[in-house]
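Work through the exercises below with the model open beside you. Try each task before reading its solution.

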Amino acid sequence: MNSLPLVSEVSRAAVAIPAARFSLVKRSVLPGFGISLGFTLFYLGVIVLIPLAAMGVKASGLSWEEFVKATLSNRALAAYRLSFGAALLAAAINAVFGLITAWVLVRYDFPFKRVVDAMVDLPFALPTAVAGIALAAIYAPNGWIGQLAAPLGWKIAFTPWGVGVALTFIGLPFVVRTVQPVLQDLSRDVEEAAASLGATRWQTFRRVIMPAIAPSLMTGYALAFARGLGEYGSVIFIAGNLPMISEIAPLLIIGKLEQYDYAGAAAIGMVMLAIAFLILLGINLLQRWARVRGGEG
Amino acid sequence: MKLTVIAAAIAVPCNLVFGLAASWAIAKFEFVGKNVLITLIDLPFSVSPVIAGLIYVLLFGAQGLLGPWLSQHNIQIVFAVPGIVLATIFVTFPFVARELIPLMQEQGTEDEEAARSLGANGWQTFFRVTLPNIRWALLYGVLLCNARAMGEFGAVSVVSGHIRGLTNTMPLHVEILYNEYNFVAAFAVASVLAFLALVTLIIKSILEWRHGGEISAARA
Amino acid sequence: MSAQNRHRAPLDESPIVRWLLIGSALGFLFLFVLLPLLTVFIEGLRGGLAR
């Protein structure tokens with residue numbers, strides 16, 4: 001739920017303590033290191049690492065030409081384009097409105113504020129299939145919002161726009177929950193100083209507040225984007241799933257599996273995994289940048 | 001319906017034990033490679049649920065790496081209950097661990113060291129000192145883990161094979177009913193799931209208001 | 001402090017901006033969170049509570 005700051009951030013500080021002697025493990029009076037680490041590694045291996053490796057093995061059974069054919073076919077390229085485009089758009093919408101929501105929740109008072117705050121996490125708690133059918137019902141041509149858009153000649157459900165709507169829903173909590181704590185901890189002294197020097201409120205926001213929250217805003221954006229790329233459950237009901245038009249990348253894998261093309265499915269899986277890794281790396285770098293920033297302020 | 005409960009009832013305790021073991025090793029000891037380990041624990045969150053299902057099909061499916069061996073011994077994992085349980089464990093893998101690790105790192109090892117010097121053995125130290133210190137964060141992690149376990153769709157959909165009555169969880173049932181144009185029934189099942197989500201949100205909010213200090217360590 | 005106040009350098013947004021921000025945040029959440037939730041319950045209960 002709060003997939004916000006990666007756990008790795010907090011631990012890095014602890015690891016930075018120089019080891020007293022040269023050893024892989026620092027001695028401790030507490031028991032249970034061997035068994036707890038052993039179990040952790042065993043479980044991690046069985047559940048996560050070995051199955052992921054199996055996908056690599058399966059994909060490596062393909063020749064280079066076959067791999068390219070599976071992952072770079074026109075249909076696959078169209079799906080990547082849609083997934084990237086919709087995820088970028090949805091994350092951008094969430095960056096704007098997530099920032100406003102976080103700001104409002106931290107700085108202002110209004111009725112039912114706690115309820116609103118709790119509501120932000122609903123996309124995490126609601127099963128994606130439930131969200132999917134609900135969004136499809138709302139944005140279908142005879143749905144509450146679809147009805148309003150239809151006379152304007154704008155179809156949302158069963159088009160690429162529907163994918164964007166679903167991904168906006170799914171990524172909504174990320175930006176709010178990464179920006180909110182940073183905004184909360186922001187000292188108002190700097191703002192007072194800026195104001196007393198004659199800055200307008202907008203100048204203070206742009207020059208003082210924005211730089212302080214920029215790393216967390218970008219982290220939230222990246223998290224929402226990454227989630228959007230892999231999302232499946234909420235999208236398939238509203239997307240229409242037409243090949244070349246409204247078929248998302250995860251659906252390619254399902255399609256390959258249904259044709260019993262396991263190696264092809266593994267190949268596309270490897271591509272998506274590599275992209276997820278790159279985004280994860282980017283988020284780690286962003287958080288490092290945020291820490292450097294925080295150290296200066 | 002029953003399968004939803006079974007999957008959650010196996011996945012949550014498994015990840016609970018894992019979360020405790022991992023956070024004990026990571027927070028109470030210093031060792032080389034800790035950051036890599038933490039990144040790997042977080043990995044299932046960044047992997048698409050479809051891939052989470054796919055990897056088990058590739059490993060245990062008929063054409064999978066272990067497929068021939070499994071069918072020789074008449075063991076069915078994919079398109080059956082064990083596969084659904086495995087996929088559920090995968091997608092909820094980091095929930096408990098990531099709540100506990102930052103909190104236990106913040107709390108340090110002083111309490112446990114004091115207990116040891118007073119003569120408590122390892123398990124006594126854990127149950128009497130560590131567990132009370134982390135109970136609310138633990139409950140919080142279990143709550144989130146359970147919500148995701150009951151609601152997971154993508155990963156479970158891939159490994160289930162859509163065998164009606166045998167391998168469908170509640171979220172999968174929603175899809176089947178919806179695709180049969182039985183919208184009323186689909187939304188009826190969906191509203192049960194939505195109600196569960198609301199209950200989760202309410203308990204979560206109460207935990208945050210009452211014990212925010214302990215839980216927020218994970219968000220610091 | 002008071003000497004500089006003539007420059008009008010407020011620490012808070014004007015009420016209009018404030019309500020605009022609150023309004024757009026609530027509008028966004030209503031559209032993307034509350035509406036789907038309501039849809040599920042309304043459509044779900046339409047078939048009667050029998051289940």
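**Exercise 1. The nonpolar core**

Task: find how many residues the largest nonpolar core has and which of them have the most contacts inside it.

Solution. Start with the rule: a nonpolar core is a set of buried Ala, Val, Leu, Ile, Met, Phe, Trp, Tyr and Cys residues joined through side-chain atoms within 4.5 Å. Buried means under 20% relative accessible area, exposed over 50%, and partly exposed in between, with a 1.4 Å probe and protein chains only. The largest core has 178 residues. Those with the most contacts inside it are I47(A), M55(A), L126(A), Y139(A) and F90(B). Next, the contributors: α4(A) gives the largest share of this core, 15 residues. Helices (H or I, at least four residues) and strands (E, at least two) are DSSP runs, numbered from the N terminus.

Two notes on the model. It is predicted, so local features need pLDDT of at least 70 and side-chain atom pairs pLDDT 80 or more, while totals for chains, interfaces and linings use all residues. Residues are numbered from 1 along each chain as its sequence is written, chains are lettered from A and ligands numbered from 1 in the order in which they are written, and side-chain values use heavy atoms, without hydrogens and water.

**Exercise 2. Partners of M55(A)**

Task: list what M55(A) is in contact with, leaving aside its neighbours within four places in sequence.

Solution. Contact means heavy atoms within 4.5 Å. In chain A, the partners are A266(A), G269(A), M270(A) and L273(A). In chain B, they are I51(B), L54(B), I55(B) and L58(B).

**Exercise 3. Stacked rings across chains**

Task: which kind of aromatic pair do Y43(A) and F93(B) form?

Solution. Rings of Phe, Tyr and Trp (its six-membered ring) pair if their centres lie within 6.5 Å; planes under 30 degrees apart count as stacked, over 60 as edge-to-face and the rest as tilted. Over all chains, the search finds 25 aromatic pairs. Y43(A) and F93(B) are 5.5 Å centre to centre, with 15 degrees between the planes, and the pair is stacked. Now place them. Y43(A) lies in helix α2 (residues 33-60) of chain A, and F93(B) in the loop between α5 (81-91) and α6 (95-107) of chain B, so the pair joins two chains. Y43(A) is buried at 8% relative accessibility. F93(B) is buried at 0%.

Repeat for a second pair. The ring centres of Y232(A) and F153(B) lie 5.9 Å apart and the planes meet at 15 degrees, so this pair is stacked. Y232(A) sits in the loop between α11 (201-230) and α12 (233-239) of chain A, and F153(B) in the loop between α8 (122-151) and α9 (154-160) of chain B, so this pair joins two chains. Y232(A) is buried, at 4% relative accessible area. F153(B) is buried, at 0%. Finally, extend the pair: ring pairs link Y232(A), F237(A), F153(B), Y178(B), Y181(B) and F183(B) into a cluster.

**Exercise 4. Positive phi in chain A**

Task: where do F112(A) and F158(A) lie, and what is the phi of F112(A) and of F158(A)?

Solution. Recall the background: most residues other than glycine have a negative phi. F112(A) is not a glycine, yet its phi is positive, about 60 degrees. Its place is the loop between α4 (74-107) and α5 (113-119) of chain A. F112(A) is exposed at 65% relative accessibility. F158(A), also not a glycine, has a positive phi of about 65 degrees. It lies in the loop between α8 (146-149) and α9 (160-185) of chain A. F158(A) is partly exposed at 34%.

**Exercise 5. A covered helix**

Task: how many residues of helix α13 of chain A are buried, and what follows the helix?

Solution. The helix covers residues 249-258, and 9 of its 10 residues are buried. Among them are P250(A), I253(A) and K256(A). Y260(A) follows α13(A), with a positive phi near 60 degrees.

**Exercise 6. Chain B as a whole**

Task: how many helices and strands are in chain B, and what share of its residues is buried?

Solution. Chain B has 11 helices and 0 strands. Its C-alpha trace spans about 65 × 45 × 25 Å along the principal axes. Of its 220 residues, 59% are buried. For contacts with a separation of 6 or more, 70% join residues 24 or more positions apart.
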